[in-house]
Amino acid sequence: MLPEKIPLLQVAIHGAMAGQLLKQSVYEFRYLHAHPDQPEVALLMPASRQLTWQDGDLFPVMDQNLPEGDLFMRLRALFPKQALSPMHLLALIGDNGIGRLGYALPDWPAPPPAPPIDRATLLETAYSPRVFDELVHAYLATGAGIAGMQPKIMLPALDTERTTIPIPSLIVKAASAAYPGLAANEYLCLKAARRAGILTPTFELSNDGHMLVLDRFDLVRQPDGSLERLGFEDIAALAGLRVRDVLSDRKYQGSYQRVAELLRMLQLPRENLHRFFEHVAFSVMVRNGDAHLKNFGVLYRSSADAWLAPMFDVVTTTIYRYTRYDGGSELEDRTLALRLFAGKHGSKAYPTTEELLRFGSKVCGVSHPQAVLNRIAAALRETMDEARQDERIPATVRTQMAEAWAQGALHGTKS
Ligand SMILES: Nc1ncnc2c1ncn2[C@@H]1O[C@H](COP(=O)(O)OP(=O)(O)O)[C@@H](O)[C@H]1O
Ligand SMILES: [Mg+2]
């Protein structure tokens, strides 16, 4: 059990002690040293601007990975009597959160490392809710530092040289009763994206089709075998929003145009805006209605060396019905997560080809946006053809997705 109150946590950046997080009437982050050019705790909180930062709420870069949804409920059930304030959740995340920040209670022993798992074994594991529960129990201590609503856990992998990566490096996204075939759906979307030349994390679908296994994109294996941890901030965090829990529909506010403007403001090299156009166009064309502010992010080594993260969490959502709250009436997902254009004329309706092209050229500076749409359309057709031979993909999911993709592919021309 953690202490009842946690007024202070030590914060490490890429494994090196860098500051303190204090919680009194407000949250305060203090850099330990005064060098202006030390690694920044967040892109918009550099030591060169201020050495002490205060906020009434937890800083977005720390808030963004706090377990929510399924993982939070599991933590709650596992530690029914434990206070689970944001400070407690950070202490539980320890060194294992997405990105390069780590948290430690002073004078508190580090948890024992979890036994590593071999990727092939994992892919052969037949999914059942009980098997996934067991995985979560075995790995929760090391895998708590990830947000998102769907069931998922992070695990440390044995790599090909049989060396263990010291922190969890695989993400397992599991089946969800509410969304049949979700893992297979996301797998097909990622396959089509990769075929279209869009950067994705490395991914695999388990043999039974019920678990999607992803490599963490914020970890980079170095030639000497060591592991580099990249900074990661999702767009909601970069926009200063905390979007967990009650306020969660905040992540559905705004527009893709504003996201592009934020990327511009961060001075990412221009090709990142071209990539952003591909992500938006792809989401439109596979009918992904859940590409909200937490499903885009920026990776970085420093503010001068930052780039758009690979595409992740992309699903053909229009094949599912959903409820806004437990017991609420079922709705059909017929819109985008965000408006395409900012301003009062912006709409969440799926755009016309003309609107998409305008978004590409005017907002993202792409010189031949139609070529991007053609490339994606071709990848959708080819991926769907190939999926027929893949027995892991449930036939109903495949035919429903094929229908949605055929609509989306109309944005591309055949030639
Ligand atoms: N491959 C990955 N590498 C590193 N972080 C990831 C990766 N995939 C997802 N994440 C992080 O985990 C969070 C939740 O994952 P996501 O795929 O969006 O799940 P959900 O469907 O529950 O929203 C994302 O918002 C992102 O911060
Ligand atoms: Mg997500």
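Student: Leaving aside neighbours within four places in sequence, which residues is Met87 in contact with?

Tutor: This is a predicted model, and local features are taken where pLDDT is at least 70. Met87 has its place in helix H3, which covers residues 86-93. Once the neighbours within four places in sequence are set aside, the contacts of Met87 are with Ile6, Leu9 and Lys23.

Student: Is Met87 buried or exposed?

Tutor: A residue counts as buried if 20 or more other C-beta atoms lie within 10 Å of its own. Met87 has 24 other C-beta atoms within 10 Å, and therefore Met87 is buried.

Student: How far apart in space are Met87 and Leu66, C-alpha to C-alpha?

Tutor: In sequence, 21 residues separate Met87 from Leu66. In space, from one C-alpha to the other, Met87 and Leu66 are apart by 9.8 Å.

Student: Why does Leu205 count as buried?

Tutor: Leu205 lies in strand S10, made of residues 203-205. Beyond four places in sequence, Leu205 is in contact with Ala183, Ala184, Tyr187, Leu212 and Arg392. The cut-off for a buried residue is 20 or more other C-beta atoms within 10 Å. Leu205 counts as buried because the number of its C-beta neighbours inside 10 Å is 21.

Student: How many residues of H9 are buried?

Tutor: Helix H9 runs over residues 271-285 and reaches 21 Å from its first C-alpha to its last, close to the 21 Å expected at 1.5 Å a residue. Its buried residues include Phe276, Phe277, Ala281 and Phe282, and also Arg275 and Glu278. The helix is mostly covered, since of its 15 residues the number buried is 12.

Student: What covers the buried residues of H10?

Tutor: In H10, which spans residues 353-363, the buried residues are Leu356, Leu357, Phe359, Gly360 and Val363. H10 is itself among the elements that cover the buried residues of H9. In turn, the cover over the buried residues of H10 includes H8, H9 and H11.

Student: Which residue with a positive phi follows H10?

Tutor: Just after H9, Arg287 takes a positive phi of about 60°. After H10 there is likewise a residue whose phi is positive, near 65°, and that residue is Gly365.

Student: Which helix gives the most to the largest nonpolar core?

Tutor: The largest nonpolar core has 117 residues, and Ala281, Phe282, Val314, Ile376 and Leu380 touch the most other members. The helix that gives the most to this core contributes nine residues, and that helix is H6, residues 182-195.

Student: Which residues come nearest to ligand 1?

Tutor: The shell around ligand 1 is mixed in class, with nine nonpolar, four polar and six charged residues. There are 19 residues around ligand 1, and those that come nearest are Gly148, Gln150, Pro201, Arg216 and Asp313.

Student: What is the radius of gyration of the chain?

Tutor: The secondary structure of the chain comes to 12 helices and 18 strands. For 415 residues the globule rule gives 22 Å, and the chain's value is close to this, so the chain is as compact as a globular protein of that length. The radius of gyration is 21 Å.

Student: Among contacts between residues at least 6 apart in sequence, what percentage join residues at least 24 apart?

Tutor: Buried residues make up 45% of the 415 residues in the chain. Among the contacts between residues at least 6 apart in sequence, those that join residues at least 24 apart come to 67%.

Notes
Residues numbered from 1 in each chain as written. Chains lettered and ligands numbered in written order. Predicted model: local features only at pLDDT ≥ 70, side-chain atom pairs only at ≥ 80, totals over all residues. Helix = DSSP H or I, 4+ residues; strand = E, 2+ residues; numbered from the N terminus. Rg over C-alpha atoms; globule rule 2.2 N^0.38 Å. Contact = placed C-beta atoms within 7 Å. Near = placed C-beta within 6 Å. Nonpolar A, V, L, I, M, F, W, Y, C, P; charged D, E, K, R; others polar. Core = buried A, V, L, I, M, F, W, Y, C linked by C-beta atoms within 7 Å. Expected span 1.5 Å × (residues − 1).
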